[in-house]
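Open your viewer, switch to a cartoon view, and give each chain its own colour. We will go from stop to stop, choosing something to select each time and saying what is there.

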Amino acid sequence: MPLLSEQDRQTVRAQLARMTSPVRLLFFTQAIGAPETALITKQVLDEVATLSGLISVEEANFVLEKDRAAGYGVEHIPAVVLLANGDDSGMRFFGVPAGYEFMSLIEAVILAGTEDSGLDAASRALIASHVTAPMNIQVFVTPT
Amino acid sequence: MARESPLIRASSIDASEFMELSMTYRVTGVPKTIVNGTTEIFGALPEAQFVRSALGLPEADAPQA
């Protein structure tokens, strides 16, 4: 049974239509002893993938693929890494993408699936001139 | 910002699900943004302000020291 109402599915499908390139949702979880949030996250991701032919979901085992997880900076699960055309988009989601976070996930997927960061010219200029080393931005949120 | 530069990684973290991490960064209200483990940004800021804060720059119209 889908998590989203038919109306919400239509709305999200329309938003996702802005995508122009494929996005893979790389989902790190555990096979044994996975928290319930991991199971719910997988459901959400699978449902999002049905709303666009450009979205796919790949499940990876956090325990068995520890090096791969570390490569993406994933130290906690459930974790979703957004890959744009197979490359790391730099965007991650930790925890169930529910409530407001669901909309953030959709916006992130669209960002990953288009070439444009959506930032204004001033922001881009600042980033170009000031970001010379890796930068890690962690935004703490709650789903409701 | 992450989409704009390959050097930038941006993560959304559910504060209540990852309590230990929330405690490490003293997250008592959301949204709270931590940049490179040190810079703290409280609340949701407009784009220009957020970008400047994240980059450790003063406000655009602040007097220069």
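Start with the strands: select the open sheet of eight strands, which runs in the order β2(A)-β1(A)-β3(A)-β4(A)-β1(B)-β5(A)-β2(B)-β3(B) with mixed pairing. Please keep in mind throughout that this is a predicted model. At the edges stand β2 (55–61) of chain A and β3 (39–42) of chain B; each has a single partner strand, so one side of each is left without a neighbour in the sheet. Look across the sheet and you will see the twist: with direction ignored, neighbouring strands are turned by 20 degrees against each other on average. Now add α2(B), which packs on the sheet and touches β5 (135–141) of chain A as well as β2 and β3 of chain B. The direction of α2(B) makes about 160 degrees with that of β3(B).

**Stop one: the hairpin in chain A**

Select β3 (residues 79–84) of chain A together with β4(A): the two run antiparallel and are joined by five bridges. One pair to label is L83(A), whose bridge partner in β4(A) is D88(A). The two strands form a hairpin with two residues between them, and in the turn N85(A) has a positive phi of about 55 degrees.

While you are here, click on A84(A), which is found in strand β3 of chain A. Is A84(A) buried or exposed? With 21 other C-beta atoms within 10 Å, A84(A) is buried, since 20 or more is what the label requires. Leaving aside residues up to four places away in sequence, A84(A) touches S21(A), V23(A), S89(A), A112(A) and G113(A). For a sense of scale, draw a distance from A84(A) to H130(A): they are 46 residues apart in sequence and 24 Å apart in space, C-alpha to C-alpha.

**Stop two: where the sheet crosses between chains**

Move to strand β4 (residues 87–94) of chain A and β1(B), which run parallel and are joined by four bridges. Which residue of β1(B) is the bridge partner of M91(A)? That partner is A10(B). Label F93(A) too, and you will find S12(B) in β1(B) standing opposite. Six of the eight residues of β4(A) are buried, so this strand is largely enclosed by the rest of the structure. As you turn the view, remember that in a regular strand the side chains alternate between the two faces of the sheet.

**Stop three: chain B and its contact side**

Now show chain B by itself. Its elements run β-α-β-β-α from the N terminus on, giving two helices and three strands. The C-alpha atoms of chain B fill a box of roughly 40 × 25 × 20 Å along the principal axes, and 29% of its 65 residues count as buried.

Bring chain A back and select the contacts: 34 residues of chain B are in contact with 35 residues of chain A. On the chain B side, the elements that give two or more residues are β1 (8–14), β2 (32–35) and α2 (47–54). The most come from β1(B), with seven residues. Colour that side of chain B by residue class and you get 19 nonpolar, seven polar and eight charged.

**Stop four: two helices side by side**

Select helix α5 (residues 121–130) of chain A and α2(B), which pack at an angle of about 5 degrees with their axes 10 Å apart. That angle makes α5(A) roughly parallel to α2(B). Show side chains for A122(A), S123(A) and L126(A) of α5(A), and for E47(B), A48(B), V51(B) and R52(B) of α2(B), as these make the contact. They divide into four nonpolar, one polar and two charged.

**Last stop: the core**

Finish with the largest nonpolar core, which has 46 residues. Those that touch the most other members are L25(A), V80(A), L82(A), V109(A), A112(A) and M1(B). Centre on M1(B): not counting residues up to four places away in sequence, M1(B) touches I127(A) and I137(A) in chain A, and I8(B), A10(B), V51(B) and A54(B) in chain B.

Technical notes: Residues numbered from 1 in each chain as written. Chains lettered and ligands numbered in written order. Predicted model: local features only at pLDDT ≥ 70, side-chain atom pairs only at ≥ 80, totals over all residues. Core = buried A, V, L, I, M, F, W, Y, C linked by C-beta atoms within 7 Å. Buried ≥ 20, exposed ≤ 12 C-beta atoms within 10 Å, placed from the backbone. Contact = placed C-beta atoms within 7 Å. Nonpolar A, V, L, I, M, F, W, Y, C, P; charged D, E, K, R; others polar. Pairing = 2+ DSSP bridges. Axes fitted to C-alpha atoms, helices over the stretch in contact; angles between N-to-C directions. Parallel < 35°, antiparallel > 145°, perpendicular 65-115°, else oblique.
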